[in-house]
Amino acid sequence: MTAAPLAPALRLGQKAGMAKKLNFICQSCGAVHPRWSGRCDGCGAWNSIVEEAPLSAGPAKKTLGAQRGSPVALTDLSTEEAPPPRTTSRIDELDRVLGGGLVPGSAILVGGDPGIGKSTLLLQAAASFAKAGLNSVYVSGEEASAQVRMRAQRLGLGDAPVRLAAETNLRDILTMLDTERPDLAIIDSVQTMWADNVDSSPGSVSQVRAAAHELTTFAKKRGTSVILVGHVTKEGQIAGPRVVEHMVDTVLYFEGERGHQFRILRAVKNRFGPADEIGVFEMTGGGLAEVGNPSALFLSDRETPAPGSVVFAGIEGTRPVLCEFQALVSPTPHSQPRRSTVGWDGGRLAMILAVLEARCGIPFTGLDVYLNVAGGLRIGEPAADLAVAAALLSAREDTALPPQSVVFGEISLSGALRPVGQTENRLKEAQKLGFSSAIAPARSKIGDRAELDVRQYADLAAVVGELFGAG
């Protein structure tokens, strides 16, 4: 790809004769400082402040609005100007997370750990959208076109009508996209793109912000759906300034543990559908295979009910998902007991332990506590409080819960159990998978569940007394 004249979508550059004023920008959080210092006041990172030239403000606009500065009333918009309908990829899990399909002119940011499968998923998505009739272009800034084609052949997508490009110059990429006018453009990754008018290295805050802004603007003006791949930091956040997440319409995180074959595609922001929706995939030798019933998959390796094992009926987005909490409580040889969690918030675990000791009289002093969510799933909703407490008590008392039972409910600091949302959907999913009983808070809307024995409790002390005879 050769250098081309300035594309209409690329409005970069500075006024002639305008002096550049340098800023000092933190490469970790994007905070701007008036002078250089060794430590960033915003995020506390050391040696992360770099001297950069800011983007020019450009010519001032005296008008604004949809048509040459004339604001249009909402009631005057014609239905003929409505965007075309969504395009489905025929990958049900991806369409679910996107809110029903790909919206024309949308900007999507996909982040995840290195090697988790982002490029594999998007190459499969590009092939599916292309077979559905979309003109798709895959731009790789990390691999050569031959390498991308080799991966496509390994995935069985060698005959997919997807055009490939290997380029990192933002000016050339936008010129090509403006000429070709594709329906879908995938940029892998935004950290490798560089604008030749920004005086900083690729991957810096200024470069990432400039590339994301220009690509998002191109998507809105030309009606091309743009998917940006973003790297993540060691804290799990997408690298670069957080303003990039505000620019785009949808932010997706691709999660998973390297020791498990399951991958979770989670929507944390979506202007065209529900947030916190998830799609479940399984990593196989032929790529990512979608999982239509994640509850059955997460519970497929569940052994005979044992102490410390509890099945939680949760909700991820609009989908009910059943998973297994595993707890282990053992005497500690150290002066400071360990509190280790995988897949759940450690602060929430400390709160549950405090409530058990203060409200139920069950201490965990001198005991190591380990908590794990089986299958590599991450649970964040408070409805898992009661399942965690039941798993901890089951492990401490060495008593297994009744077989074929599910648990859910939120615990307050007073020890009371609060009802949670979508109770009927949780019970319906449990009944569909063959569970016969459930433990839930009082005043829960359980509906008509004649085949399911639902036991409701008002507080945590009642659960402890009836199930374990303790407290």
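Let us begin with a term: a residue is called buried when its relative accessible area is under 20%, exposed when that area is over 50%, and partly exposed in between, using a 1.4 Å probe and protein chains only. Helices (H or I, at least four residues) and strands (E, at least two) are DSSP runs, numbered from the N terminus. With those words in hand, strand β9 makes a good starting point: 5 of its 6 residues are buried, so β9 is largely enclosed by the rest of the structure.

A word on what you are looking at. This is a predicted model, in which local features need pLDDT of at least 70 and side-chain atom pairs count only at pLDDT 80 or more, while totals for chains, interfaces and linings use all residues. Residues are numbered from 1 along each chain as its sequence is written, and side-chain values use heavy atoms, with hydrogens and water left out.

Now for the overall picture. The secondary structure of the protein comes to 11 helices and 21 strands. Of the 471 residues in the protein, 49% are buried. Contact here means heavy atoms within 4.5 Å. Among contacts between residues at least 6 apart in sequence, 67% join residues at least 24 apart. The protein exposes about 21,900 Å², and carbon and sulfur atoms supply 51% of that area; accessible areas come from the Shrake-Rupley method with a 1.4 Å probe, and for residues, only the protein chains shown count as cover.

Let us return to β9 and look at the sheet around it. Strands of a sheet pair through backbone hydrogen bonds, either parallel or antiparallel. Two strands are taken to pair if DSSP finds at least two bridges between them. The open sheet here has 9 strands in the order β6-β5-β7-β8-β4-β9-β10-β11-β12, with mixed pairing. At its edges stand β6 (162-166) and β12 (287-290), each with a single partner strand, so one side of each is left without a neighbour in the sheet. From one strand to the next, the twist averages 25 degrees; axes are lines fitted to C-alpha atoms, for helices over the stretch in contact, and angles run from 0 to 180 degrees between N-to-C directions.

On one side of β9 (residues 250-255), strand β10 (residues 262-270) pairs with it in the antiparallel sense over 6 bridges. T250 has N270 as its bridge partner in β10, and V251 is matched with K269 of β10. A hairpin of 6 residues links β9 to β10. The pairing of β4 with β9 is parallel, through 5 bridges, and here V110 stands opposite L252 in β9.

Helices also belong to this picture. α2 packs on the sheet, touching β4, β5 (136-140), β6, β7 (184-188), β8 (225-230), β9, β10, β11 (278-284) and β12, and its direction makes about 160 degrees with that of β5. Helix α3 (residues 145-154) packs on the sheet as well, touching β5 and β6, with a direction about 140 degrees from that of β6.

Follow β4 (107-112) onward and you reach the loop that leads to α2 (118-131), where G115 is found. The unreviewed UniProt entry places the feature "binding site" at G112, D113, P114, G115, I116, G117, K118 and S119; such annotations may be inferred rather than shown by experiment, their feature names are shortened, and their positions are given in the numbering used here. G115 is exposed, with a relative accessible area of 65%. I116 is found in the loop between β4 and α2 too, but I116 is buried, at 3%. Leaving aside neighbours within four places in sequence, I116 is in contact with F254, E255, G256, R263 and M283.

Finally, have a look at the cysteines. A disulfide is counted when a pair of cysteine sulfur atoms lies within 2.5 Å, and the structure holds 0 disulfides. The sulfur of C40 is 3.6 Å from the closest cysteine sulfur, in C26, which is too far for a bond. C40 is buried, with a relative accessible area of 0%, whereas C43 is partly exposed, at 39%. Both C26 and C40 are touched by S48, whose contacts also include I25, Q27 and S28, not counting residues up to four places away in sequence. S48 lies in the loop between β2 (32-33) and β3 (49-52) and counts as buried at 7% relative accessibility.
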